[in-house]
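Open the model in a viewer and keep the sequence panel beside it. The stops below are given in the order in which to select them.

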Amino acid sequence: MLAGFPSGPAFMTVRAKAHWMYAVCFILFMLHQYSYALDFKYHHMTSLEAYLQDLQTNYSTLTYVYSIGESVEGRNLWAVAIGETPREHRVGIPEVKCIGNIHGNEPIGREILLHLIDHLVTSYGRDKNITRLVGSMRIHILPSMNPDGFEKASAGKCTGIHGRYNSNKMDLNRNFPDPFGRTDSSLEPETEAVMRWIHSESFVLSASIHGGAIVAAYPYDNNNLGSNNYSRSPDDDVFRYLAKMFSFHHKSMYKGNLCKMKFLNGVTNGAKWYRISGGMQDYNYVWGQCFELTLELSCCKYPTAAQLPHFWEQNKVPLILFIQQVHLGLKGRVLDDKGNPISKATVNIFGRSNLIPFQTNSLGEYYRLLVPGEYVLEVEAEGFDPMNKTVDVFDTINQYTAVVYDIVLQKSK
């Protein structure tokens with residue numbers, strides 16, 4: 001028996017004592033399981049790191065806690081990878097990420113993402129859908145991209161810019177290279193860290209969470225016109241689908257008339273809402289081959305902690321369904337006739353002229369988010385004959401996989 005716990009009252013039978021001891025052990029087990037349970041509060045750096053440490057200890061086979069870099073003031077930018085092989089990429093397993101708190105005074109994403117982590121790891125093995133979800137992908141979550149700004153921001157302050165910027169007074173969502181023009185400012189440490197992160201993994205899908213409105217916004221955020229006009233990307237149909245999917249499963253976003261703003265179906269093109277230069281979602285899409293949405297989830301930039309259960313309840317289902325969309329469309333490998341992977345092969349979709357062509361990774365993998373339909377793949381690689389292939393894309397979301405098309409190229413003569 002555990003030290004400090006009696007073996008049961010003396011009058012108990014041997015069988016009763018056994019049941020009593022089992023009950024005590026079960027209670028101790030449950031206390032251990034929930035000793036680190038996540039409260040609905042704002043987690044500053046000390047409590048954030050304590051939770052992540054407990055997470056890594058209690059779910060070491062399912063999670064990997066790592067830092068992608070440091071803020072201006074030296075705070076770690078902690079990320080969590082969740083999956084059945086959380087420390088490494090597996091062929092055919094797509095990578096998805098979520099980023100919160102890019103603006104320090106908009107911490108709603110910081111807390112929602114912590115609760116998403118908690119929900120995924122505690123439901124794995126108990127909930128069939130979550131178990132299949134986690135087993136079919138690797139999910140990376142960065143609760144706070146701007147921990148310095150968060151420490152300066154004031155809880156309950158719904159407007160203003162106090163705490164918005166990093167410690168160099170830079171808006172991190174205006175600091176990325178921009179496909180429509182030069183970004184004037186030098187790159188901040190937090191921006192460089194996220195850029196390295198984007199290029200270190202084959203991310204397919206991403207969400208950046210903000211506060212100050214309730215809407216799902218999609219690329220492009222900028223255009224060549226210099227005004228607030230719709231800026232259509234080559235994959236505009238996919239982005240509109242993703243945004244509407246999130247909005248329609250949200251408990252109020254779909255109404256489109258919240259926060260004294262109007263958005264049809266609760267979605268908007270970024271540049272049509274208001275044009276920005278140096279935004280993160282455009283960088284993800286153009287240079288990272290990653291489809292990112294900007295999710296604005298609260299009218300108040302920094303709502304009180306008492307409101308956090310409400311925001312989690314509103315966003316739990318749409319966030320999980322959004323992550324599942326990483327299985328939308330096509331995936332596969334480009335190989336030579338001996339089965340060796342071909343890296344940096346371009347995989348284009350006929351009729352979609354991306355600013356920078358999508359390329360295979362070092363394992364020859366490609367992932368292309370596409371809504372159901374018929375498409376022509378145009379595949380090219382240096383030293384090989386090009387190939388065009390007509391493919392049918394079906395809705396396989398509920399099967400937790402995209403449609404798989406492997407392509408074999410012949411060496412040029």
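Select Asp 237 and colour it by accessibility: at 23% relative accessibility it counts as partly exposed, because the cut-off for buried is under 20%. Keep in mind throughout that this is a predicted model. Now add Arg 352, which counts as buried at 12% relative accessibility. The two residues form a salt bridge, with 2.8 Å between the closest N and O atoms. Asp 237 is in helix H7 (residues 236–249), whereas Arg 352 is in the loop between strand S10 (346–349) and strand S11 (365–368), so the pair ties together parts 115 residues apart in sequence.

Next, select Glu 106, Arg 164, Asp 171, Arg 174 and Lys 301 together. Salt bridges with shared partners join these residues into one network. Within this selection, look at Lys 301 and Glu 106, whose closest N and O atoms are 3.1 Å apart in a salt bridge. Lys 301 sits in the loop between strand S8 (291–298) and H10, and Glu 106 in the loop between strand S3 (95–100) and H3, so this pair ties together parts 195 residues apart in sequence. Are its partners buried or exposed? Lys 301 counts as buried at 16% relative accessibility, and Glu 106 counts as buried at 2%. Another pair in the selection is Asp 171 and Arg 164, whose side chains meet in a salt bridge at 3.0 Å, N to O. Both Asp 171 and Arg 164 are buried. A search of the whole structure gives 17 salt bridges.

Move to helix H4, residues 128–135, and show side chains. Which residues of H4 are buried? They are Ile 130, Leu 133 and Val 134. These cover an arc of only 90° around the axis, which puts them on the same side of H4. To see what they pack against, add strand S2 (76–82), helix H3 (108–123) and helix H10 (308–324). At the start of H4, select Asp 127: one of its side-chain oxygens comes to within 3.0 Å of the backbone nitrogen of Asn 129.

Finally, zoom out to the whole chain. The protein has 10 helices and 15 strands, and its C-alpha trace spans about 90 × 55 × 40 Å along the principal axes. Its radius of gyration is 23 Å, which agrees with the value near 22 Å for a compact globule of 413 residues. Of the 413 residues, 53% count as buried. The exposed area is about 18,200 Å², with carbon and sulfur atoms supplying 53% of it.

Methods
Residues are numbered from 1 along each chain as its sequence is written. This is a predicted model: local features need pLDDT of at least 70, side-chain atom pairs count only at pLDDT 80 or more; totals for chains, interfaces and linings use all residues. Side-chain values use heavy atoms; hydrogens and water are left out. Buried means under 20% relative accessible area, exposed over 50%, partly exposed in between (1.4 Å probe, protein chains only). Helices (H or I, at least four residues) and strands (E, at least two) are DSSP runs, numbered from the N terminus. The arc is that of the directions from the helix axis to the C-beta atoms. Contact means heavy atoms within 4.5 Å. A polar contact is a pair of N or O atoms within 3.5 Å; within protein, one must be able to donate a hydrogen and the other to accept it, and residues adjacent in sequence count only if both atoms are side-chain atoms. The radius of gyration is taken over C-alpha atoms; the globule rule is 2.2 Å times the number of residues to the power 0.38. Accessible areas come from the Shrake-Rupley method with a 1.4 Å probe; for residues, only the protein chains shown count as cover. A salt bridge is a side-chain nitrogen of Lys or Arg within 4 Å of a carboxyl oxygen of Asp or Glu.
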